[in-house]
Amino acid sequence: MSYLKKIEYEIIPKDSFWVIRSCSKCGRKTHFKNTKKFRVNANGNKLDIWLIYQCEECKHTLNLAIYERQKVSSIPKEEYQSFLDNNERLTERYGKNMQLFRKNKADIDFDRIKFETNK
Ligand SMILES: [Zn+2]
């Protein structure tokens with residue numbers, strides 16, 4: 001008889017991810033951090049929204065595309081307002097959204113992530 005028990009818990013990153021990539025201004029690999037600001041660009045009824053990251057050495061910016069050429073009507077009004085307000089909780093949420101980084105081909109520095117578990 002087996003008493004193997006499966007324990008499940010969630011691992012939650014505490015802070016926004018750090019991106020590691022080569023900075024064109026520094027000329028070498030550096031860390032980019034979440035500035036907790038969005039950039040919203042409206043073009044007709046299409047929207048581009050980015051989360052802005054910044055090189056910790058020289059402040060060179062890196063924009064992570066959240067929405068590209070998205071119809072204004074397809075973005076929930078409340079979320080759109082949060083983008084305009086640079087809602088800190090929303091910038092944190094996107095700063096921990098693995099898919100966003102994958103989509104933007106941004107390498108996360110996993111050594112710099114502090115995790116907590118909700119067990
Ligand atoms: Zn730099």
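**View 1. Eight antiparallel bridges tie β4 to β5.** This is a predicted model, where local features need pLDDT of at least 70, side-chain atom pairs count only at pLDDT 80 or more, and totals for chains, interfaces and linings use all residues. Residues are numbered from 1 along each chain as its sequence is written, and side-chain values use heavy atoms, with hydrogens and water left out. Helices (H or I, at least four residues) and strands (E, at least two) are DSSP runs, numbered from the N terminus. Look for W50, whose bridge partner in β5 is A65. β4 and β5 make a hairpin with five residues between them, and K59 in that turn has a positive phi of about 70°.

**View 2. The open sheet runs in the order β2-β3-β4-β5.** Its four strands pair in the antiparallel sense; two strands count as paired if DSSP finds at least two bridges between them. At the edges sit β2 (19–23) and β5, each pairing on one side only. From one strand to the next, the twist averages 40°. Such pairing, parallel or antiparallel, goes through backbone hydrogen bonds.

**View 3. β3 pairs with β2 and with β4.** With β2, β3 shares five antiparallel bridges, and here you'll find S22 standing opposite K29. With β4, β3 shares ten bridges, again antiparallel, and N34 faces Y53 across that pairing. The β3–β4 hairpin has two residues between its strands; G44, in the turn, has a positive phi of about 65°. β4 itself is mostly covered, with nine of its ten residues buried (buried means under 20% relative accessible area, exposed over 50%, partly exposed in between, with a 1.4 Å probe and protein chains only).

**View 4. Helix α1 has a buried face and an exposed one.** E79, S82 and F83 are the buried residues of α1 (residues 77–84). Down the helix axis they fall within an arc of 105°, so they line one face; the arc is that of the directions from the helix axis to the C-beta atoms. Turned away from that side are the exposed K77 and E78. The buried residues pack against β3 (28–43), β4 (46–55), β5 (61–71) and α2 (88–95), where contact means heavy atoms within 4.5 Å. α1 lies across β3, β4 and β5, at about 125° to β3. Axes are lines fitted to C-alpha atoms, for helices over the stretch in contact, and angles run from 0 to 180 degrees between N-to-C directions. After α1 comes N86, with a positive phi near 50°.

**View 5. α2 packs against strands and helices.** L90, T91, E92, Y94 and G95 are buried in α2. The buried residues of α2 pack against β3, β4, β5, α1 and α3 (98–103). α2 also lies across β3, β4 and β5, running at about 125° to β3. Zoom in on the start of α2 and you'll see a side-chain oxygen of N87 reaching to within 3.0 Å of the backbone nitrogen of R89.

**View 6. α1 and α2 cross roughly perpendicular to each other.** Their axes are 8 Å apart and the packing angle is about 95°, and they are therefore roughly perpendicular (angles under 35 degrees count as roughly parallel, over 145 as roughly antiparallel, 65 to 115 as roughly perpendicular and the rest as oblique). α1 brings E79, S82 and F83 to the contact, while α2 brings L90, R93 and Y94.

Conventions. Polar contact = N/O pair within 3.5 Å; in protein donor to acceptor, adjacent residues only side chain to side chain.
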